[in-house]
Every structure is written in structure tokens, then in C-alpha cells.
Amino acid sequence: MNSTVSFFYFLSFLTILSAVMVVVSRNPIHSVLYLILAFFTLSGHYILLNAQFLAAVNIIVYAGAIMVLFLFVIMFLNMKQDNEEAKTNIAKIAATIVGGTVFVILFGAYRKSAIPAFNPENFDSQVGMIENLGHILFREYLLPFELASILLLVAMVGAVMLGKREIGERHF
Amino acid sequence: MDLTEFLVKTATIFVVFVLTLVIAMYSTWAERKVAGFIQDRMGPNRAGWGGLLQPLADAGKMFFKEDFIPALANKWLFIAGPSLAMLTALLASAVIPFGSTFRINGHEIVLQGVESNIGILYVFGVVALGVYGIMVGGWASNNKFSLLGAIRAASQNISYEVAMGLSLIAILMMSSSLSLGEIVAQQHGMNWNIFYQPLGFLIFITCSFAECNRVPFDLPECETELVGGYHTEYGSMKLGFYLFAEYINMFISSAIISVLYFGGYNYPGMDWVYSQLTSALGSETGHNIATLIGTAVFFGKALFFIFFYMWVRWTIPRFRYDQLMNLGWKKLIPLAIFNIIITGAAVLFLKPVITAWLN
């Protein structure tokens with residue numbers, strides 16, 4: 001087994017372990033920290049695929065900004081593990097059914113999907129580098145890119161509108 | 001990658017690591033000396049000549065104090081806080097280009113830990129992670145003041161990261177590369193970015209003060225309101241790591257400022273010095289000595305900015321929290337967006353006109 005493959009298996013093990021720990025841990029702060037670890041290992045996968053730009057952006061956006069906000073909110077709420085209410089039986093049964101259905105759907109989709117094979121002779125290993133990514137984004141996928149940016153702009157304006165204080169409204 | 005290349009890379013990374021630690025260590029000494037000078041007193045002068053052994057004495061004191069963990073603190077996260085702070089502070093120095101190349105027996109050795117084509121994004125990502133050490137430590141202390149300090153630190157870092165990223169985009173538009181080595185190489189011959197991006201530089205240096213939690217933005221550890229801020233419960237070497245991480249961050253951000261805006265290892269008259277040295281000492285020794293001069297110039301620039309941090313600290317009083325947020329969101333971000341638009345217009349319209357006129 002060459003080093004890339006063993007590294008891949010190590011990263012996959014770590015990813016799945018931390019993803020499971022996100023669900024299993026009883027302390028919400030621990031869950032958030034495991035989720036951050038999961039993002040790091042995913043960035044490791046991107047680097048193995050020679051997509052360094054995607055790896056860096058994944059760290060900056062998810063680990064650096066979104067998870068900080070998650071941690072922020074959880075710290076403000078000051079959730080403790082002892083005031084977690086017990087789930088009723090109906091909730092447990094419903095959760096099992098929903099989870100099982102999602103699993104069956106994912107498994108079915110995985111069985112049906114045809115993963116495109118690549119030819120090692122003419123495969124361009126530099127395709128994930130930032131220059132190539134920029135060329136592809138701004139030439140072939142310009143319209144989806146612009147639409148996504150407009151969507152983000154609309155979301156930002158909406159957030160500002162929601163957060164804005166009305167005239168005469170009290171502070172807290 | 002063959003063995004010699006691997007060993008050379010390991011040695012480079014080790015040298016960068018040791019240099020970062022030594023500079024951070026002596027920054028603590030320099031801070032007190034600068035404070036003493038500004039406040040018209042002596043500063044440390046007992047341990048060693050001019051107090052030069054003071055950092056070692058401090059480290060000894062920190063190591064031998066009792067390592068105390070509060071009873072109701074979350075033990076693992078309490079230890080993880082300062083460790084994360086040190087880890088993220090030390091990570092960023094990997095991509096900084098400290099100099100040009102060394103030539104040994106025809107091999108070129110780059111004075112840079114890792115040459116990556118996403119260098120500046122890597123630094124930005126590591127800076128974004130820096131807040132976890134403070135947040136985790138502040139929360140794990142199980143103390144309201146620590147928690148408030150941690151939350152202040154987090155909101156401050158998130159707010160100023162936005163303006164910092166936007167001011168970087170103007171640089172990236174000009175250099176059309178994310179690699180730090182490439183950005184430095186393009187500033188050769190006094191094409192320093194500070195002459196093209198004065199506004200971007202002001203925004204960037206303000207944001208780096210906020211990111212390092214330095215005065216005037218040191219609200220996370222504001223002692224008049226929050227006792228000691230996020231490190232209220234910390235003592236001995238764990239506190240030492242938090243304080244040390246701040247000095248490492250200062251060195252890293254000074255180095256980044258000198259790389260991005262002040263030409264890194266470039267200096268006026270560089271080509272003349274290079275040709276004199278290579279003609280006098282041969283292409284190998286001359287090249288190496290020229291590289292060493294460039295590296296010394298780089299460290300001179302970085303140390304000047306460390307001094308600037310200290311100068312500001314002992315000159316300017318602390319902001320109020322609402323002033324900090326207003327400055328970040330309502331002044332710096334619009335200014336940075338304005339800077340991007342100006343730069344874009346200049347690159348598109350002004351640059352072809354000037355190049356046509358010069359030719």
C-alpha cells in the first residue's frame with residue numbers, strides 16, 4: 001500500500017470517527033469541536049485530491065467563520081448536559097424511521113449512481129489549482145457563478161434587514 | 001521527494017520555528033524596554049546585561065509555578081485552550097518567504113518553509129482559527145468574566161477578519177497570484193505595494209492590531225471591566241502560552257505586512273549590490289551573501305513593525321466596545337470595498353494608459 005492510500009484511509013477513519021462523535025457527545029461544545037475536526041479532515045481529503053484552494057476555503061469559511069458563530073451561540077445559551085430533557089418513545093420511534101429511510105435513500109442512490117472513470121494517461125492533475133479553477137468558473141460556469149453570488153447578496157441584504165433596529169425600538 | 005530534499009525542508013522548517021520562538025521571546029523584553037523608554041524609566045536591567053536574560057528568568061518562573069486547574073473547569077478543554085492558541089500562532093510562519101535562494105553546489109534552496117500557490121489563503125485560514133484557543137479556554141474556565149472575554153475576542157476577530165480579507169483582495173487583484181513568494185518577487189525594484197495601496201495598508205494594519213488583540217483593541221482582556229478577560233483563571237505556563245502566542249502573532253503579522261506591502265526581502269539598490277557581490281566573490285558565494293543581506297532587510301522591516309505595535313500600545317488608550325464595532329463594520333468594510341473598486345478601475349483603465357505613455 002503506498003503512502004497516499006494509507007493516508008487516505010487514516011483521514012477517512014478520522015473523518016468518520018469525528019462525525020460519529022458529533023452525534024454521540026452529550027456536551028454541545030464537544031460536538032462543535034468534533035465538527036471542526038471533521039472539517040479539518042475533509043480539507044485533508046481535498047489536499048490529497050490536489051485541490052488546495054478548496055481545502056483553504058473550506059477551512060476559512062467553515063472552520064474559521066461558521067463554526068465560530070456556532071460556538072458563540074452555544075456559549076451564549078450556556079447549555080449544560082444535565083438539563084437535557086428525556087425523549088418520549090414516539091420521538092424515538094419517529095427518529096429511527098426517518099434515519100432508516102435516509103440511510104436507504106443514500107444507499108440506493110450510491111448503488112444507482114455511475115461514478116465517472118478517468119483515464120490516467122490524459123488526466124490533468126493540476127485541474128484543482130486555483131488558476132485552472134478560476135478559468136473554469138469564469139468561462140464555462142459564469143452564469144451559475146453569478147447567480148450564486150446574487151443569491152448570497154440577497155441573503156446578506158435580508159440579514160441586514162432582519163438585524164436592523166427600527167426607529168423607536170428599544171435596545172434590549 | 002528524495003532524502004536530501006526532505007532533510008533540507010526539515011532543516012528549513014526547524015530554523016523558521018526556532019527563529020519565530022526566539023523573536024517572540026525577545027519581543028517580551030523589547031516591549032518592556034520600549035515601555036520604559038516611553039514612560040521615562042529604565043525597564044528591566046537586573047538579569048543579564050541590559051536585562052537581556054529577563055525572558056529566561058520569566059520562563060523559569062512560569063515553569064516552576066503551581067499548575068492550577070479550577071475545580072469546576074472543564075479539564076481537557078482548559079488545557080486545550082492555550083495549546084490551540086500556541087498551535088495556530090506557530091502554524092502561520094510556514095509559508096512566509098524569509099529571503100531569496102541559497103546556492104550550494106548548484107542546488108537552489110528556497111528560504112521558505114513551504115512554497116504554496118495558495119500561500120496568503122493559508123495564512124488567512126490560520127488567522128481565522130486563532131480565535132479557537134481563546135474561545136475554548138475562556139469557556140472551559142467556567143467563569144463569567146472569562147466567558148465574556150472569550151465572546152468579545154470571537155466577535156472582534158470575526159468582524160475584523162472581513163475588512164482584512166477585503167483589503168487583501170486589492171493586493172491579489174494587482175499581483176494576480178496568491179503565492180507569497182510570487183507577491184514578493186513582483187515587488188522587485190521598488191515596486192512596493194505600499195505606494196499603490198496606501199489605503200489598503202492602513203486597513204490591513206488596523207485589522208491586524210485587532211486580530212492580535214493588541215491595544216487599542218485589547219478589549220478581550222480589558223482589566224477595568226473583565227478582571228483579566230479570557231485568561232482570568234489561568235496561571236503558570238498556561239498563562240505563559242497565551243501571552244507568548246500573542247507575541248508570536250505580532251511577529252507573524254509584522255512579517256506578513258512587510259511581505260505584502262513593503263517588498264519583503266527587496267531593498268533599493270538591490271541589483272547593484274547583487275552584481276557587485278557576484279563579480280567580486282563568484283556566482284555562488286556572492287549570491288548567498290546577497291540573499292543574506294536581503295533576509296536581514298526582511299527581518300529589519302518585520303522588527304520595525306513589532307516596534308510599531310509596542311509604540312502604539314504605550315501611546316494610545318483603549319477603545320470602547322461600541323466604538324470598536326462601529327469602526328470595524330461601518331468604517332473599515334466600506335473603505336475596503338471602495339479600495340477594491342478603485343484598484344479594479346486602476347488596473348483596468350489607468351494601467352494601460354500609463355504603460356502606453358511610458359513606452
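A residue counts as buried here when its relative accessible area is under 20%, and as exposed when that area is over 50%, with partly exposed in between. Keep those cut-offs in mind on this tour of a predicted model.

**Stop 1: a salt bridge in chain B**

Select Glu31(B) to begin. Its relative accessible area is 3%, so Glu31(B) is buried. Now add Arg214(B) to your selection: the two side chains form a salt bridge, and their closest N and O atoms are 3.1 Å apart. Arg214(B) has a relative accessible area of 1%, so this residue is buried as well.

Where do Glu31(B) and Arg214(B) lie in chain B? Glu31(B) belongs to helix H1 (residues 3–38), while Arg214(B) is in the loop between H8 and helix H9 (223–226), so the pair ties together parts that are 183 residues apart in sequence. Side chains of opposite charge can pair when their charged atoms come close.

**Stop 2: follow Arg214(B) onward**

Keep Arg214(B) on screen and add Glu246(B). These side chains also meet in a salt bridge, at 3.1 Å from N to O. The link runs from the loop between H8 and H9 to helix H10 of chain B, where Glu246(B) is found 32 residues away in the chain. Glu246(B) has 10% relative accessibility, so it counts as buried.

Next, bring in Arg313(B) to complete the group. Through salt bridges that share partners, Glu31(B), Arg214(B), Glu246(B) and Arg313(B) are joined into one network.

**Stop 3: another link from helix H10**

Stay in chain B and select Lys238(B) together with Asp67(B). Their side chains meet in a salt bridge of 2.8 Å, N to O. Lys238(B) is in helix H10, whereas Asp67(B) is in the loop between helix H2 (54–64) and helix H3 (75–91); the two are 171 residues apart. Lys238(B) is buried, because its relative accessible area is 9%. How many salt bridges are there over all chains? The count comes to 6.

**Stop 4: a charge over a ring**

Now select Lys75(B) and Trp76(B). The charged end of Lys75(B) sits over the ring of Trp76(B), at 5.8 Å from the ring centre.

**Stop 5: aromatic pairs**

Switch to the aromatic side chains. Over all chains, the structure holds 26 aromatic pairs. Select Phe209(B) and Phe308(B), which make one of them: this pair is edge-to-face, with 6.2 Å centre to centre and 65° between the planes. Phe209(B) is in helix H8 (residues 198–211) and Phe308(B) is in helix H11 (residues 270–313) of chain B, so their contact ties together parts that are 99 residues apart in sequence. Phe209(B) is buried, with a relative accessible area of 5%, whereas Phe308(B) is partly exposed at 24%.

Then move to Phe251(B) and Phe299(B). Are these rings stacked or edge-to-face? They are stacked, with 6.4 Å centre to centre and 0° between the planes. Phe251(B) comes from helix H10 (residues 236–261) and Phe299(B) from helix H11, so this pair ties together parts that are 48 residues apart in sequence. Both Phe251(B) and Phe299(B) are buried.

**Stop 6: the cysteines**

If you are looking for disulfides, the count over all chains is 0. Select Cys207(B) to see an example: Cys207(B) is in no disulfide, and the nearest cysteine sulfur, in Cys212(B), is 11 Å away. Why is Cys212(B) not bonded to Cys207(B)? Their sulfurs are 11 Å apart, which is too far for a bond, because a disulfide needs the sulfur atoms within 2.5 Å. Cys207(B) is buried, with a relative accessible area of 0%, and Cys212(B) is buried too, at 6%.

**Stop 7: over to chain A**

Turn to chain A and select Phe103(A), Val104(A), Phe107(A), Tyr110(A) and Ile115(A). With a surface view on, look for the nonpolar patch of about 620 Å² that these residues make. Within the patch, pick out Phe107(A), which is placed in helix H4 (residues 89–112). Its relative accessible area is 45%, so Phe107(A) is partly exposed.

**Last stop: Lys164(A)**

Finish by selecting Lys164(A), in the segment after helix H6 (142–163) of chain A. Lys164(A) is exposed, with a relative accessible area of 55%. Draw a distance from its C-alpha atom to that of Ser125(A): the two atoms are separated by 47 Å, and the residues are 39 apart along the chain.

Terms used: Residues are numbered from 1 along each chain as its sequence is written. Chains are lettered from A and ligands numbered from 1 in the order in which they are written. This is a predicted model: local features need pLDDT of at least 70, side-chain atom pairs count only at pLDDT 80 or more; totals for chains, interfaces and linings use all residues. Side-chain values use heavy atoms; hydrogens and water are left out. Patches are made of residues with over 30% relative accessible area and no salt bridge: like charges are joined within 9 Å, nonpolar side chains (Val, Leu, Ile, Met, Phe, Trp, Tyr) within 5 Å. Accessible areas come from the Shrake-Rupley method with a 1.4 Å probe; for residues, only the protein chains shown count as cover. A salt bridge is a side-chain nitrogen of Lys or Arg within 4 Å of a carboxyl oxygen of Asp or Glu. Helices (H or I, at least four residues) and strands (E, at least two) are DSSP runs, numbered from the N terminus. Buried means under 20% relative accessible area, exposed over 50%, partly exposed in between (1.4 Å probe, protein chains only). Rings of Phe, Tyr and Trp (its six-membered ring) pair if their centres lie within 6.5 Å; planes under 30 degrees apart count as stacked, over 60 as edge-to-face and the rest as tilted. A charge sits over a ring if NZ of Lys or CZ of Arg is within 6 Å of the ring centre and within 35 degrees of the ring normal.
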